Amino acid sequence: MKLFLKFVLGLVLALGLVGCDKKKPARSVDFSRIQYKGISPMGYFANNAAGMDTPALKRTVNLSYLVSPGDTLNVIILEFESDVYAMDYYTNSGRFQGITPILRGDYLEQSIRSDSRVFIFHHDSFRRYERSDLEAYVRSFPDYRGGFPQEFLSLPFEYRVPGRTSVQTRYFMGVKAHFPVLVQSYRSASLQWNVARSWDLVDESRFSIWAAQLTEVNPVGVERESDVIYFDAGNNGNGMAKRLAGGRIAVVWGYLSWTDLLKVFNQACDRIYEARF
């Protein structure tokens, strides 16, 4: 009876997840109407990203605003297939420094990531552009949603290491990634571990292809479960991975005994499984 109820619960959640993950189509943007502090663009042009080597980049859009005589604000917008790829490029490309302006020749560059877009602002180095004005410009776009993707909320909160949050789309656990993942690091006293989840739902075949690249091991002191991958995380670390009912992937690894790792793994699986996003 318990197995039947668990199966039914898993089926219901899987159907619910499919419904939740169907995001509304993004509204089209009329760039000629996007103003900076009440100023319309002098012009704009969009380029299809075909042939570019940036993963999941759909197109780039260039706009120019004549703020005052001799003062032009140039805006480059990189549009990605989804939030996770925009965040991956923004945090891992090495091109950006968050809220810190970067001097590039005679120009200052400022950048902001929002949803599936990365905004790059160029202006003369001797001109002052308030960050709040640039943020207001970004918020004027349809369907604006700032901050970290809500999917990060499903990862455990206790013992999080500030600033140790990342997105990985090309490689994960040192092998080729076949699905984007969100990663958070944790520390409690001398113990360190990491928790990751897939960005969206992953089919069994993609999970199996990724897991086959790992070095599986036999856990010590815990009962082995058939649907869990136990692997060598490198540098004497232990790891566990599982495709949950509904299709989300949960992975935990770190410098913990198998017994301690199992406790963290079960907690992470429960949170990721039950999360709305």
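User: Why is K37 called exposed?

Analyst: Happy to walk through it. This is a predicted model, and in it K37 has a relative accessible area of 59%. The word exposed applies over 50%, so K37 at 59% earns the label.

User: Where does K37 sit, and what is its phi?

Analyst: K37 lies in the loop between helix 1 (2-21) and strand 1 (43-48). Its phi is positive, about 50°, although K37 is not a glycine.

User: What makes N236 exposed?

Analyst: Set its value against the cut-off again: N236 has a relative accessible area of 76%, and exposed means over 50%. N236 is therefore exposed. The loop that holds N236 runs between strand 12 (228-234) and strand 13 (237-243). N236 is not a glycine either, and its phi is positive at about 65°.

User: How many residues of strand 5 are buried, and what does buried require?

Analyst: Strand 5 covers residues 107-114, and 7 of its 8 residues are buried. Each of those has a relative accessible area under 20%, because that is what buried means. With 7 of 8 counted that way, strand 5 is described as mostly covered.

User: Why are strand 4 and strand 5 said to pair?

Analyst: Pairing needs at least two bridges between the strands. Strand 4 (residues 102-104) is joined to strand 5 by 3 bridges, so the two pair, and they run antiparallel. I102 stands opposite E109 in strand 5. The two strands form a hairpin with 2 residues between them, and G105 in the turn has a positive phi of about 70°.

User: What makes strand 5 and strand 6 a pair?

Analyst: The same test works here: at least two bridges are required, and 8 bridges join strand 5 to strand 6 (residues 117-124), so they pair. These strands are antiparallel as well. E109 stands opposite H122 in strand 6, and E109 also faces I102 of strand 4. In the hairpin of strand 5 and strand 6, with 2 residues between the strands, D115 takes a positive phi near 55°.

User: What does the protein chain look like overall?

Analyst: The secondary structure comes to 5 helices and 14 strands. Of the 277 residues, 43% count as buried. Among contacts between residues at least 6 apart in sequence, 52% join residues at least 24 apart.

User: How much accessible surface does the protein chain have, and what share belongs to carbon and sulfur atoms?

Analyst: The accessible surface comes to about 15200 Å², and 52% of that belongs to carbon and sulfur atoms.

Note on methods: Residues numbered from 1 in each chain as written. Predicted model: local features only at pLDDT ≥ 70, side-chain atom pairs only at ≥ 80, totals over all residues. Heavy atoms only, no water. Helix = DSSP H or I, 4+ residues; strand = E, 2+ residues; numbered from the N terminus. Buried < 20%, exposed > 50% of the residue type's maximum accessible area, 1.4 Å probe, protein only. Contact = heavy atoms within 4.5 Å. Areas by Shrake-Rupley, 256 points an atom, 1.4 Å probe, with all protein chains shown as cover.
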